[in-house]
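Visitor: I'd like to learn how to read helix packing and empty spaces in a protein. Could you walk me through an example?

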Amino acid sequence: MNIIDIINKTKRRTALTADEINWLVSGYTNGSIPDYQMSAWLMAVCLNGLTEDETVALTFALRDSGDIMHLDLPLTADKHSTGGVGDKTSLIIGPIAAACGVPVAKMSGRGLGHTGGTIDKLESIEGFRTDLSIEEFRDILKKTGFAIVAQSGELCPADKKIYALRNATGTVDSIPLICASIMSKKLAMNTDIIVLDVKYGSGAFMKTKADADKLARLMEKIGLSAGKKCRAIVTDMNSPLGNNVGNALEVSEAIEILQGKKKDGLYDVCIELAANILGLAGKGTLAECKALAEKTIADGSALGVLRETIRLQGGNERICDDTSLLPQARCSYTVRAVERMKIVAIDSEEIGMTSLMLGAGRLSKEDPIDMTAGIVMHCSPGETLGADDEIMTLYSTVCSDFSDAAVRALNAVKTSGEARKSYT
Ligand code: URA
């Protein structure tokens, strides 16, 4: 085998065999295939795609590049979102499923660009550790039913190396590459149940519902072919999920949901995804599972799971009762409507980028982040605001002029008619 033949085959839409894909992945991981040749192959995949068989082979090759987790429990679940803005669902769904007796083992990543990452959010909790050893991770999972660990080099090292190359070569947005990257990590985590939340819209990788559907069906098929109970749900990411965007702000909102203080679109998405986990675990029909999920919020048992997980992972669990113990921004700035306006849409990618400008995200992996920075939206699409009503509040530790961020965030808020938007 040689790399030029492999690049040419994908360039000419001739399917590669599983052996060729294994050779390619192991050659790149061990350094015998250089970045420039792998980049050429990745770009050919972006332009021409892969067949389903090739995507399955790539997924398994990435999975087999490292360890496969043995969780040592009779039934476990994993939940994955393809990423978005304000997506704190893992912090809510994991505790709900665990409170119903289905342990959720989660390996998460950091945020990059306009999308947030669960690990950054959790690290806004004083003392919280995400660098658990496999033994610690398994131990916490057994004790509370919910544990979260940062992506380590031991699981799917080939994906780690290829993902970094894709980020630097404009080759992220390919359905087969995204599918193989995500599913290899899910299969390496090796839970019995996998529920996937595939997002579409301005803040998601998949801009159209049709593409999200395609990715969802492909991921589901691969999960099932690997012997997992797997379901992919397609959800909207045209507007930010919930009101809060930014690390500590999102942890605070997740806790408010678990405290039963908020029942909005975020709550509905979480109940739906949690119910799908419970359904695959044999806990009943979807309607019965939704009722079970809602009960864990009403009786405080899901919040109890999160409290215990935070404590065992070294964090200050008192935030579950008093969210003001989370880090607070030094400065804030509230944007108000100057006249009556109807909110038609809120562009989540732009809100994510504004949050990044405020310090909540990073453009390159090494950038530091401000855990307190972000945006709280006070309105949602469909609502009509009157003069002086609050549109959003911006938060940051850096108390400089908020005007650039305010202008950018306001441009993300689409209003009907001629209503003039301004800020005070
Ligand atoms: N998340 C991943 O882990 N991989 C991708 O390719 C895209 C999103």
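Visitor: At what angle do α2 and helix α4 (residues 52–63) pack, and how far apart are their axes?

Guide: First, some ground rules: this is a predicted model, where local features need pLDDT of at least 70, side-chain atom pairs count only at pLDDT 80 or more, and totals for chains, interfaces and linings use all residues. Residues are numbered from 1 along each chain as its sequence is written, and side-chain values use heavy atoms, with hydrogens and water left out. Helices (H or I, at least four residues) and strands (E, at least two) are DSSP runs, numbered from the N terminus. An axis is a line fitted to C-alpha atoms, for helices over the stretch in contact, and angles run from 0 to 180 degrees between N-to-C directions. Here, α2 and α4 pack at about 40°, and their axes are 9 Å apart.

Visitor: What word describes how α2 and α4 lie to each other?

Guide: Angles under 35 degrees count as roughly parallel, over 145 as roughly antiparallel, 65 to 115 as roughly perpendicular and the rest as oblique. So α2 and α4 are oblique to each other. Their crossing is right-handed (the near helix is turned clockwise from the far one by less than a right angle; anticlockwise would be left-handed).

Visitor: Which residues make that contact?

Guide: Contact means heavy atoms within 4.5 Å. From α2 come Ala 18, Ile 21, Asn 22 and Val 25, and from α4 come Glu 54, Ala 57, Leu 58, Ala 61 and Leu 62. Sorted by class, that's seven nonpolar, one polar and one charged (Ala, Val, Leu, Ile, Met, Phe, Trp, Tyr, Cys and Pro count as nonpolar, Asp, Glu, Lys and Arg as charged, and the others, Gly among them, as polar).

Visitor: Now for another pair. At what angle do the axes of helix α1 (residues 3–11) and helix α2 (residues 18–29) cross?

Guide: They cross at roughly 120° and come within 11 Å, so α1 and α2 are oblique to each other. This crossing is left-handed. Ile 3, Ile 6 and Lys 9 of α1 meet Glu 20, Trp 23 and Leu 24 of α2, which makes four nonpolar, no polar and two charged residues.

Visitor: And how do α3 and α8 lie to each other?

Guide: Helix α3 (residues 35–48) and helix α8 (residues 157–169) pack at about 75°, with axes 10 Å apart, so they are roughly perpendicular. Asp 35, Met 38, Ser 39, Leu 42 and Met 43 of α3 touch Ile 162, Leu 165, Arg 166 and Thr 169 of α8.

Visitor: On to the gaps. How many cavities of 30 Å³ or more does the structure hold?

Guide: Rolling a probe the size of a water molecule over the atoms shows where empty space is left. On a 1 Å grid over the protein atoms alone, a cavity is a set of points where a 1.4 Å probe fits but cannot get out, while a pocket is an open set with protein on both sides within 12 Å along at least five of seven lines; lining residues have an atom within 4 Å of a point. Grid points are joined across faces, edges and corners, and a volume is the space filled by probe spheres set on the points. There are two such cavities, and the largest holds about 160 Å³.

Visitor: Which element gives the most to the lining of the largest cavity?

Guide: That's α15, with three residues. The lining has 22 residues, with His 114, Thr 115, Gly 116, Ala 360 and Gly 361 nearest the centre.
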